[in-house]
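Reader: Hi! Could you walk me through this structure before I set anything up?

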Amino acid sequence: MENYINETDLNVHKEIQELKSLIRDIPDFPKPGIIFKDITPLLHKPWAFQKIIDYIGNRYIGLGVDIVAGIESRGFILASALAYKIGAGLAIIRKPGKLPYKTISATYTLEYGEDKIEVHEDAIQKGMKVVLIDDVLATGGTMSAAIDLVEKLGGNIVSVDFLLELTFLNGRKKITDRGYPVFSLIKF
Ligand code: AMP
């Protein structure tokens with residue numbers, strides 16, 4: 001299939017290297033010591049935005065995914081385009097206090113302290129096929145909490161996807177240890 005890609009092909013794939021070169025490093029943002037991966041230069045290019053959604057979305061053609069769940073806020077950009085492409089619904093996983101209806105929540109640990117994410121209790125029905133997506137896989141803490149939410153609602157997680165992965169942080173293991181496949185398009 002056109003634009004279908006296996007994870008093993010990614011490092012040798014010229015187009016993926018081009019997409020990777022559009023990710024901008026911002027040192028010491030939002031705080032000293034962090035190199036922030038800024039995806040906006042990639043989103044600014046029409047062909048690049050289309051490519052990433054095609055590469056990710058073509059993996060799901062014909063698989064009957066019911067819903068794509070995206071994590072606030074950059075995850076929404078990818079989740080909405082992906083849901084549209086594959087003809088799935090969209091669930092939004094948000095920071096506390098943003099969602100108007102009844103929610104369930106999951107707490108996760110940060111470097112200092114804790115954070116929480118929430119989803120509407122009716123966002124996902126039991127047995128629905130769910131793809132989870134966020135922009136960056138770092139330690140995997142945020143995505144693990146998102147998995148908690150989908151599991152609580154009885155969703156059947158088909159894949160956990162990222163635009164880019166910081167492989168040296170080993171966040172992938174946190175997710176694969178729970179039995180879910182991880183796909184990231186661009187690896188650092
Ligand atoms: P983590 O829970 O450690 O996997 O962090 C993932 C979340 O934090 C994602 O929602 C990312 O958007 C954000 N994030 C973590 N590290 C970075 C980074 N170096 N550059 C950009 N975003 C990051």
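Author: Happy to; we can talk about the fold, the ligand site and some backbone details. One thing to keep in mind is that this is a predicted model.

Reader: Thanks! Let's start with the fold: how many helices and strands does the chain have?

Author: There are six helices and nine strands in the chain. Its radius of gyration is 16 Å, close to the 16 Å that the globule rule gives for 188 residues, so the chain is as compact as a globular protein of that length.

Reader: And what does the C-alpha trace span along its principal axes?

Author: About 45 × 45 × 30 Å.

Reader: Good for a box estimate. Now the ligand: how many residues surround it, and which are the closest?

Author: The ligand has 13 residues around it, and the closest are Arg 74, Asp 135, Thr 139, Gly 140 and Thr 142. By class, that shell is made up of five nonpolar, four polar and four charged residues.

Reader: Which elements each supply at least two residues of the shell?

Author: Those are β2 (35-38), β7 (129-137) and α5 (141-152).

Reader: Nice. Which polar backbone atom is 2.9 Å from a nitrogen atom of the ligand?

Author: That one belongs to Ile 35. On the oxygen side, a polar side-chain atom of Thr 139 lies 2.5 Å from a ligand oxygen, and a polar backbone atom of Gly 140 is 2.7 Å from an oxygen atom of the ligand.

Reader: How much of the ligand does the protein bury?

Author: The ligand exposes 480 Å² when taken alone, and the protein buries 80% of that. The space the ligand takes is the largest pocket.

Reader: Switching to the backbone: where are the cis peptide bonds you'd flag?

Author: Two to look at. The bond from Phe 29 to Pro 30 is cis, with omega near 0 degrees, and Pro 30 is in the loop between β1 (24-27) and β2. Glu 72 and Ser 73 are also joined by a cis peptide bond, with omega about -10 degrees.

Reader: Where does Ser 73 sit?

Author: Ser 73 is in the loop between β3 (67-71) and α4 (74-86).

Reader: What about phi, then: what is the value at Asp 28?

Author: Asp 28 has a positive phi of about 60 degrees, although it is not a glycine. Asp 28 lies in the loop between β1 and β2, where Pro 30 is found too.

Reader: And what is phi of Asn 170, and where is that residue?

Author: Phi of Asn 170 is near 60 degrees, again a positive value in a residue other than glycine. Asn 170 is in the loop between β8 (156-165) and α6 (171-176).

Reader: Great, thanks for the tour!

Key: Residues are numbered from 1 along each chain as its sequence is written. This is a predicted model: local features need pLDDT of at least 70, side-chain atom pairs count only at pLDDT 80 or more; totals for chains, interfaces and linings use all residues. Side-chain values use heavy atoms; hydrogens and water are left out. A residue is near a molecule or strand if one of its heavy atoms lies within 4 Å of it. A polar contact is a pair of N or O atoms within 3.5 Å; within protein, one must be able to donate a hydrogen and the other to accept it, and residues adjacent in sequence count only if both atoms are side-chain atoms. Accessible areas come from the Shrake-Rupley method with a 1.4 Å probe; for residues, only the protein chains shown count as cover. On a 1 Å grid over the protein atoms alone, a cavity is a set of points where a 1.4 Å probe fits but cannot get out, and a pocket is an open set with protein on both sides within 12 Å along at least five of seven lines; lining residues have an atom within 4 Å of a point. A molecule sits in a cavity or pocket if more than half of its atoms lie within 2 Å of its grid points. Helices (H or I, at least four residues) and strands (E, at least two) are DSSP runs, numbered from the N terminus. Ala, Val, Leu, Ile, Met, Phe, Trp, Tyr, Cys and Pro count as nonpolar, Asp, Glu, Lys and Arg as charged, and the others, Gly among them, as polar. The radius of gyration is taken over C-alpha atoms; the globule rule is 2.2 Å times the number of residues to the power 0.38.
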